[in-house]
Amino acid sequence: MLATLDSLAEIRLAPAGSGVVRRAVEASQAYGVHFFDGLVIASAERNGCSRILSEDLNHGQFYFGVEVFNPFR
């Protein structure tokens, strides 16, 4: 169990501030996604991610320049 937790220590966290929340609302309105999916999109965009791994969002679609990839497809 501790080894698993230690392996997660290297994951970089993406803080969500008011700008990310506002962008999440914009994503929700622009793309018709749920607010929490909008938070993922907005956080990815804010932190310079080029790809989101998701089985919920549309595979191959770009949201604010961030591409969605479904790893289970």
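In this report, Lys and Arg count as positive and Asp and Glu as negative, while His and the chain ends are left out of the count. On that basis, the mean positions of the 6 positive and 8 negative charges of the protein lie 8 Å apart. The model described here is a predicted one.

## Overall architecture

The protein contains three helices and three strands. Along the sequence these elements follow the pattern α-α-α-β-β-β. Taken along the principal axes, the C-alpha atoms fill a box of roughly 40 × 35 × 20 Å. Of the 73 residues in the protein, 23% are buried. The protein exposes about 5,300 Å², and carbon and sulfur atoms supply 55% of that area. Among contacts between residues at least 6 apart in sequence, 18% join residues at least 24 apart.

## The sheet

The three strands form an open sheet in the order E1-E3-E2, with mixed pairing. Strand E1 (51–53) and strand E2 (62–63) stand at the edges, each with a single partner strand, so one side of each is left without a neighbour in the sheet. Helix H3 (residues 35–46) packs on this sheet and touches E1, E2 and E3. The direction of H3 makes about 145 degrees with that of E1.

In general, strands of a sheet pair through backbone hydrogen bonds, in either a parallel or an antiparallel sense. Here, E1 and strand E3 (residues 66–69) pair in the parallel sense over three bridges. Within this pairing, Ile 52 has Val 68 in E3 as its bridge partner. E2 and E3, by contrast, run antiparallel and are joined by two bridges. The bridge partner of Tyr 63 in E3 is Val 66.

The residues of E3 also divide between two faces. Val 66 and Val 68 form the covered face of E3, whereas Glu 67 and Phe 69 form the uncovered one. Glu 67, which lies in strand E3, counts as partly exposed because its relative accessibility is 22%, and buried means under 20%. Leaving aside neighbours within four places in sequence, Glu 67 is in contact with Ser 50, Arg 51, Ile 52, Gly 60, Gln 61 and Phe 62.

## The hairpin turn and its surroundings

E2 and E3 form a hairpin with two residues between them. Phe 64 lies in the loop between these two strands. Most residues other than glycine have a negative phi. Phe 64, however, has a positive phi near 50 degrees, in a residue other than glycine.

Apart from neighbours within four places in sequence, Phe 64 is in contact with Arg 23, Glu 26, Ala 27, Tyr 31, Ile 41 and Glu 45. One of these residues, Arg 23, is found in helix H2. Arg 23 is partly exposed, with a relative accessible area of 24%. With the same kind of sequence neighbours set aside, Arg 23 is in contact with Ala 42, Glu 45 and Phe 64. Glu 45 therefore appears in the contacts of Phe 64 as well as in those of Arg 23, where contact means heavy atoms within 4.5 Å.

## The loop between H1 and H2

Ala 14 is placed in the loop between helix H1 (2–8) and helix H2 (18–31). At 39% relative accessibility, Ala 14 counts as partly exposed.

## Separations along the chain and in space

The table sets out separations in sequence beside C-alpha separations in space for several pairs of residues.

| Pair | Separation in sequence | C-alpha separation |
|---|---|---|
| Ala 14 and Ala 44 | 30 residues | 8.1 Å |
| Arg 23 and Ile 41 | 18 residues | 8.6 Å |
| Glu 67 and Ile 41 | 26 residues | 9.4 Å |
| Phe 64 and Ser 18 | 46 residues | 18 Å |

Ile 41 enters two of these pairs, one with Arg 23 and one with Glu 67. Ile 41 is also one of the residues in contact with Phe 64.

Terms used: Residues are numbered from 1 along each chain as its sequence is written. This is a predicted model: local features need pLDDT of at least 70, side-chain atom pairs count only at pLDDT 80 or more; totals for chains, interfaces and linings use all residues. Side-chain values use heavy atoms; hydrogens and water are left out. Two strands pair if DSSP finds at least two bridges between them. Helices (H or I, at least four residues) and strands (E, at least two) are DSSP runs, numbered from the N terminus. Axes are lines fitted to C-alpha atoms, for helices over the stretch in contact, and angles run from 0 to 180 degrees between N-to-C directions. Buried means under 20% relative accessible area, exposed over 50%, partly exposed in between (1.4 Å probe, protein chains only). Accessible areas come from the Shrake-Rupley method with a 1.4 Å probe; for residues, only the protein chains shown count as cover. The place of a charge is taken as NZ of Lys, CZ of Arg, CG of Asp or CD of Glu.
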